[in-house]
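User: Hi! I am new to protein structures, and I would like to learn how to read one step by step. Could you walk me through this example?

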Amino acid sequence: MSFVQRSSRASNRRLSNVRQRRQQHLLDVKVRSRRATQHRIRSAMGVLWKMVLLVALCGAGYAGAREAARRLFFENLDYQVKTIELQTDGTLQREQVLKAADLHEGANIFSVNLASVRDREVVRKLPGEIDIRIVERKPVAWITSETEINDPFASDAAFLVGARGVLMKQKKLLPEYLGLPLIVGCSSESLEAGKTVESPEAKTALELLRLTESSFLQTRFQIREIDISKNYCLLVTDKNRSRVMFALNDLEEQLHRLQVFLDYCDNTKQELETLNLVAQRNIPVTFTSPAAAVINDTLEPAVEPRIMKAIPVRAPEARVHQDSGTQQDGSSAPKSRGASAPVHKAIRNQQKKSD
C-alpha cells in the first residue's frame with residue numbers, strides 16, 4: 001500500500017516549475033498565432049485567386065461575345081442597309097434627312113443609333129430595310145426680345161418657337177406663319193436658333209397657348225400677342241383687342257375665370273376691353289362702348305344747332321363808285337375820300353409800270 005501511494009504521488013507531481021510553465025504557455029501562444037496568420041493568408045490568397053479567375057472568365061466571355069457579334073451582325077453582309085423608306089409631314093428633303101440622321105445605303109443596320117434621332121421614328125426591318133417617319137417641329141408662335149415689332153418676317157430679332165420651346169430660323173417662311181401669335185419682350189435670355197427658351201415667362205406663355213388651343217376658348221379668345229416684358233405677369237391681347245393680364249401660375253384657374261367673364265359678355269351683349277386676372281377677388285374689368293353709340297356720337301348733330309347770321313362784304317371798287325356817284329353827308333364824305341385815295345394811288349402806280 002505504501003508503495004502504491006508513493007508511485008501515485010510521484011506520477012501526480014509536476015515536472016516543471018511556474019516559470020517553466022509560463023514560458024511554455026508563451027511558446028504555445030506564439031505557435032498558435034503564427035498558424036492562424038498563415039491560415040488567414042492562405043484563405044485570402046484563395047479568395048484572390050478565385051476573383052482573378054472570375055474576372056478572367058468574364059473578360060474572355062465579353063471578348064468572345066463581342067467578336068461573335070462583330071462577325072455575325074456588324075460585319076455580316078446580309079445586314080447591310082439596302083432600302084430606306086422616308087415619310088415626312090413637312091418640307092424636308094430626303095437628302096437633308098439622311099444627312100441629319102447619318103444614314104446611307106450600304107451601312108450596317110445595327111450601327112444606326114436610334115436614341116440620337118430625336119423627333120423621328122426610325123424602325124429597323126431586318127435584314128436590310130429602315131423606315132423613317134418624321135414629324136417636323138411646327139412653330140406655334142413668334143418670339144422676340146423687342147417690345148414692338150411690325151413684320152416678324154423681315155426682322156432678324158424674331159424667331160419661330162415650337163411647343164417645346166425650341167427656337168427655329170427657317171429659310172423658307174410659309175404664309176401661315178404670319179398668323180401665328182407674337183411673344184414680345186423676351187429680354188431675359190439670348191435668343192439663338194436651335195436653343196430652347198428657359199425663362200419662366202416664355203415657358204408660361206407657351207403653356208398658355210397650349211391651354212387655349214386645346215380648349216373651347218380657342219374660338220372665343222384667340223391670342224394675337226403676349227407681352228412678357230414685365231417679368232411678373234403676361235399681358236395678352238386677343239383678336240378683338242381685348243387686353244387680359246395673367247399671373248405666371250395657376251393658368252387653368254385663371255382661364256376658368258376668363259370663361260365666366262366671356263359668358264357674362266355674351267349674355268349682356270358687351271365687349272371685353274381690359275381684365276386683370278392677377279387679382280383673385282374684386283377683379284378689375286372694363287367693357288368697350290357699343291359701336292352704334294360711338295358712331296351716333298360722331299355723326300349725329302346737336303339737338304339745337306347754332307344759326308350764324310351772314311355779314312355782307314362789299315368790294316373796295318364798289319364803295320369807290322358808290323361814294324363818287326351819290327351825295328354823302330358831312331360825316332361820310334371824309335370816309336369816301338379816305339377810302340378812294342389808296343385806290344387812285346394804286347391805279348397811278350400801275351400806269352407808270354406799264355409805261
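Analyst: Happily! Let's begin with one pair of residues: Asp227 stands opposite Leu235 in strand 9. Before going further, please note that this is a predicted model, in which local features need pLDDT of at least 70 and side-chain atom pairs count only at pLDDT 80 or more, while totals for chains, interfaces and linings use all residues. Residues are numbered from 1 along each chain as its sequence is written, and side-chain values use heavy atoms, with hydrogens and water left out.

User: What counts as a strand, and when do two strands pair?

Analyst: Helices (H or I, at least four residues) and strands (E, at least two) are DSSP runs, numbered from the N terminus. Two strands pair if DSSP finds at least two bridges between them. Here, strand 8 and strand 9 are antiparallel and pair over four bridges. Glu225 also stands opposite a residue of strand 9, namely Thr237.

User: How many residues lie between the strands in the hairpin of strand 8 and strand 9?

Analyst: There are five, and Asn231 in that hairpin takes a positive phi near 70 degrees. Strand 9 then goes on to a hairpin with strand 10, with four residues between them. In that turn, Arg241 has a positive phi of about 70 degrees. Strand 9 and strand 10 run antiparallel and are joined by five bridges. Thr237 has Arg243 as its bridge partner in strand 10.

User: Is strand 9 enclosed or open to the outside?

Analyst: To read this, look at burial: buried means under 20% relative accessible area, exposed over 50%, partly exposed in between (1.4 Å probe, protein chains only). Five of the six residues of strand 9 are buried, so strand 9 is largely enclosed by the rest of the structure. Across the protein chain, buried residues make up 26% of the 355 residues.

User: In what order do the strands of the sheet come?

Analyst: The order is 6-5-4-7-8-9-10-11-12, so to speak the address list of the nine strands; they form an open sheet with mixed pairing. Its edge strands, each pairing on one side only, are strand 6 (167-168) and strand 12 (285-288). Strand 4 (residues 139-144) and strand 5 (residues 158-162) give an antiparallel example, with five bridges. There, Ala141 has Val161 as its bridge partner in strand 5.

User: Where is there a parallel pair?

Analyst: Look at strand 7 and strand 8, which pair in the parallel sense over three bridges. Leu182 has Glu225 as its bridge partner in strand 8. Between these strands the chain passes through helix 4, making a left-handed β-α-β crossover. A crossover is right-handed if, with the strands pointing away from the viewer, the path from the first strand over the helix to the second runs clockwise.

User: How do I check the length of helix 4?

Analyst: The expected span of a helix is 1.5 Å times one less than its number of residues. For the 14 residues of helix 4 that should be 20 Å, and its end C-alpha atoms are 20 Å apart, which agrees. Helix 5 passes this check too: its 18 residues should span 26 Å, and its end C-alpha atoms are 26 Å apart.

User: How does helix 5 sit on the strands?

Analyst: Angles run from 0 to 180 degrees between N-to-C directions, with axes as lines fitted to C-alpha atoms, for helices over the stretch in contact. Helix 5 (residues 251-268) lies across strand 10, strand 11 (271-276) and strand 12, at about 155 degrees to strand 10. Contact means heavy atoms within 4.5 Å. The cover over the buried residues of helix 5 includes helix 4, strand 10, strand 11 and strand 12.

User: Why do buried residues of a helix fall on the same side?

Analyst: An α-helix has 3.6 residues a turn, so residues three or four places apart point the same way. In helix 3 (residues 94-101), the buried residues are Val97, Leu98 and Ala101. They cover an arc of only 95 degrees around the axis, which puts them on the same side of helix 3. The arc is that of the directions from the helix axis to the C-beta atoms. These buried residues pack against strand 1 (83-88) and strand 3 (129-134).

User: Which residues are exposed on the face of helix 3 turned away from its buried side?

Analyst: That face carries Glu95, Lys99 and Ala100. After helix 3 comes Asp102, with a positive phi near 55 degrees.
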